[in-house]
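Hi everyone, thanks for making time for this one. Let me put the structure on the screen, and then I'll walk you through it piece by piece.

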Amino acid sequence: MKLSNYENAMAKYYSTLSLSSFPLTCWDFYSKSFDKLRLTLSDTMLLNKIVEENKWNSTWDYKEELENDTVIVVTDAKLQIVFASNNIVKMNGYIPDEVVGNSPKMFQGAATNTTTSKEISEAVKSLKPFDKVIINYCKDGSLYKCHIKGYPIFDKKGNLTNFIAFEKIAA
């Protein structure tokens, strides 16, 4: 059966109903929404596993952050990336598996402001939160302004376990 026959039959059926619009007007829209939801839930489950394994003393609403297209990057105490949310692809072209095991400095280059980079490093060394905008590099070498809110994460005993960064493309 051709898809156009199906669409014609559905159009005829819906025209008999008292609806002002179709309940689902586009499979592409549905597919994108479903895929985003699936990736958000997957990322949330992975983050919850990291929280549980490291016995974090604090939590965030990861699902809401991810739904708002915020990229979440988690490093261990030695600043090696242990998690990157799937929406990082949209921000800079890297898939999570390409960044895990690397330092967040992999996104920096010649155009990255050294003063801002040093300020972030000092905050990390001092175990203080930071809120900065920095020039980063996409996988293809293009530049983007990245707004980063970073936080040290401590376990219930007060030991540093991870750092977490919430990242968005800055205007």
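Let me begin with contacts across the chain: of those with a separation of 6 or more, 44% are between residues 24 or more positions apart. Please keep in mind as we go that this is a predicted model. Buried residues account for 31% of the chain's 171 residues.

Now the layout. We have six helices and five strands, and along the sequence they come in the pattern α-α-α-β-β-α-α-α-β-β-β.

On to the sheet. In what order do the five strands sit in it? The order is β2-β1-β5-β4-β3, in an open sheet with antiparallel pairing. At the edges stand β2, residues 81-84, and β3; each has a single partner strand, so one side of each is left without a neighbour in the sheet. On average, and ignoring direction, neighbouring strands here are turned by 25° against each other.

Let's go through some of the pairings. Strand β4, residues 143-154, runs antiparallel to β5 and is joined to it by nine bridges. If you'd like a pair to find on screen, take H147, whose bridge partner in β5 is K168. β5 also runs antiparallel to β1, and six bridges join those two. There, V73 has A165 of β5 as its bridge partner.

Staying with β1, how many of its six residues are buried? Five of them are, which leaves this strand mostly covered. With β2, strand β1 pairs over three bridges, again in the antiparallel sense, and T75 stands opposite I81 of β2. The hairpin of β1 and β2 has four residues between the strands, and L79 in that hairpin takes a positive phi near 70°.

Next, the helix I'd like to spend some time on, α6. How does its length compare with expectation? At 1.5 Å a residue, the 12 residues of α6, 114-125, should span 16 Å, and the end C-alpha atoms are indeed 16 Å apart, which agrees. Its buried residues are T116, S117, I120, A123 and V124. Looking down the axis of α6, those buried residues fall within an arc of 125°, so they line one face of the helix. As a reminder, an α-helix has 3.6 residues a turn, so residues three or four places apart point the same way. On the face of α6 turned away from the buried side, you'll find the exposed residues T114, K118 and K125.

What do the buried residues of α6 pack against? They pack against β3, residues 130-137, and β5, residues 160-169. So that is where the helix meets the sheet: α6 touches β3 and β5, and its direction makes about 135° with that of β3.

Have a look at the ends of α6 as well. N113 caps the N-terminal end, with a side-chain oxygen 2.8 Å from the backbone nitrogen of T115. Following the helix comes L127, in the loop between α6 and β3. Phi of L127 is near 60°, a positive value in a residue other than glycine. With a relative accessible area of 34%, L127 is partly exposed.

There is another residue of that kind, D69, in the loop between α3 (62-67) and β1 (71-76). D69 is not a glycine either, yet its phi is positive, at about 65°. At 32% relative accessibility, D69 counts as partly exposed.

One last stop, and then I'm done: S85, in the loop between β2 and α4, residues 88-92. Is S85 buried or exposed? Its relative accessibility is 0%, so S85 counts as buried. Leaving aside residues up to four places away in sequence, S85 touches D43, L66, T70, V71, I72 and P96. The side chain of S85 also makes a polar contact of 2.5 Å with the side chain of N87.

To pull the main picture together: five strands form an open antiparallel sheet, α6 packs on that sheet through contacts with β3 and β5, and S85 is a buried residue in a loop. Thanks for listening, and I'm happy to go back to any part of the model on screen.

Technical notes: Residues are numbered from 1 along each chain as its sequence is written. This is a predicted model: local features need pLDDT of at least 70, side-chain atom pairs count only at pLDDT 80 or more; totals for chains, interfaces and linings use all residues. Side-chain values use heavy atoms; hydrogens and water are left out. The expected span of a helix is 1.5 Å times one less than its number of residues. Buried means under 20% relative accessible area, exposed over 50%, partly exposed in between (1.4 Å probe, protein chains only). The arc is that of the directions from the helix axis to the C-beta atoms. Contact means heavy atoms within 4.5 Å. A polar contact is a pair of N or O atoms within 3.5 Å; within protein, one must be able to donate a hydrogen and the other to accept it, and residues adjacent in sequence count only if both atoms are side-chain atoms. Two strands pair if DSSP finds at least two bridges between them. Axes are lines fitted to C-alpha atoms, for helices over the stretch in contact, and angles run from 0 to 180 degrees between N-to-C directions.
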